[in-house]
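Biologist: I am new to this structure and would like a close look at a single part of it. Please choose one and describe what it is made of and what lies around it.

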Amino acid sequence: MGSSLGLTGAGATSDHWANTDYFTINNYDGWTFAGGAYLAQNSGTTDGALLLNENGGVATTLIGLTAGQTYTLSLLLWGDNEPGQAYVFNASVEGAQLLSASGIDGAPGSNPGTTYAFNFTPTGNSATLVLSQASQSQASPIIDNISITEAAGGVPEPASWALMFAGFGLAGVALRHRQTYRLVEIATDGARSSETFRADDDQCALAQALEVAEGVAMEVWRDDTLVTRCDLSGLAAA
């Protein structure tokens, strides 16, 4: 974490966290940040995420992989502090754009975030992952919970490439009582089907749901709380 940007009032918000602090960000553990890349942090906590500001924010890292193995990359996306304005987020692996997602900043604290996932198959034992933005307004995307797993249900890759440092919300995993979740699968024609399952926490629930979900989108619920909505079109196209 670098120095605070000193934002106050409406500037110290995001549409995911009603109270959000913003900081400069230093290169860390293989990640390189350029342009308008900043740390967004839930005020009063160590939970943070990556802001790619509209002035050219880019994050790059080299990930160690197995050639020919198909992987699933998932992430949680929401907007910053410009309600009503649109942002665009892009992700590419080895120069190939595999995700382009757009959104509109909501009111402070109103957005649970949207999970996106896509598959890719590296031809070598490493690949360059680039996260960037292409916003045409003052709104900017915020990215959290980046995860890469083997598409066939394998374990996550080593933490050396991941956003595992304090402030990105992935620094540790605590043991939790297994909870009941509901997976809602949404078909192309809009038909919805659901099933229940158990998982240790929200991240484990998302990983389990991604392994079995079919259709163009899915939702994961914990009791009456929406954990995430996930666009599966990138998986279907891969």
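**A close look at one sheet**

Modeller: The part I have chosen is an open sheet of 10 strands with mixed pairing, in the order 1-3-4-11-6-9-15-14-12-13. At its edges are strand 1 (20-24) and strand 13, each of which pairs on one side only. Neighbouring strands of this sheet are turned against each other by 30 degrees on average, with direction ignored. Such angles are taken between axes, which are lines fitted to C-alpha atoms (for helices, over the stretch in contact); they run from 0 to 180 degrees between N-to-C directions.

This is a predicted model, in which local features need pLDDT of at least 70 and side-chain atom pairs count only at pLDDT 80 or more, while totals for chains, interfaces and linings use all residues. Residues are numbered from 1 along each chain as its sequence is written, and side-chain values use heavy atoms, with hydrogens and water left out.

Strands (E, at least two residues) and helices (H or I, at least four) are DSSP runs numbered from the N terminus. Two strands pair if DSSP finds at least two bridges between them. In general, the strands of a sheet pair through backbone hydrogen bonds, either parallel or antiparallel.

Strand 15 (residues 225-231) shows both senses of pairing. With strand 9 (residues 114-120), strand 15 pairs in the parallel sense over three bridges; there, Y116 has D231 as its bridge partner. With strand 14 (residues 217-222), strand 15 pairs in the antiparallel sense over six bridges, and R222 stands opposite T225. Strands 14 and 15 form a hairpin with two residues between them, and D223 in the turn has a positive phi of about 55 degrees. Strand 12 (residues 179-186) is joined to strand 13 by eight bridges, and these two strands run antiparallel. In that pairing V184 stands opposite S194, which belongs to strand 13.

Side chains also make links here. A search of the whole structure finds two salt bridges, each being a side-chain nitrogen of Lys or Arg within 4 Å of a carboxyl oxygen of Asp or Glu. One of them joins the side chains of E219 and R192, at 2.8 Å from N to O. This pair connects distant parts of the chain, with E219 in strand 14 and R192 in strand 13 (residues 192-199), 27 residues apart. R229 also forms a salt bridge with E219, and the closest N and O atoms are 3.6 Å apart. Here too distant parts of the chain are linked, since R229 is in strand 15 and E219 in strand 14, 10 residues apart. R192, E219 and R229 are thus linked in a network of salt bridges.

How far is each of these residues covered? Relative accessible area gives the classes: buried is under 20%, exposed is over 50%, and partly exposed is in between (1.4 Å probe, protein chains only). E219 has 8% relative accessibility, so E219 counts as buried. R192, at 51%, counts as exposed. R229, at 41%, counts as partly exposed.

Helix 1 (residues 202-212) lies across several strands of the sheet: strand 6 (71-79), strand 9, strand 11 (141-150), strand 12, strand 13, strand 14 and strand 15. Helix 1 runs at about 135 degrees to strand 13.

Next come the nonpolar cores. A nonpolar core is a set of buried Ala, Val, Leu, Ile, Met, Phe, Trp, Tyr and Cys residues joined through side-chain atoms within 4.5 Å. The largest has 31 residues, and L50, L52, L75, L77, F89, F120 and L131 have the most contacts inside it. Apart from that core lies another, of 15 residues, among them L206, A209, M218 and L232.

For the surroundings, there is an open sheet of five strands in the order 2-5-10-7-8, with antiparallel pairing. The edge strands there are strand 2 (32-34) and strand 8, each pairing on one side only. The twist from one strand to the next averages 15 degrees in that sheet. Within it, seven bridges join strand 5 (residues 58-64) to strand 10 (residues 126-133), and the two run antiparallel. L62 has T128 in strand 10 as its bridge partner. L131 is in contact (heavy atoms within 4.5 Å) with residues including W31, L50, F89 and I146, leaving aside its neighbours within four places in sequence.
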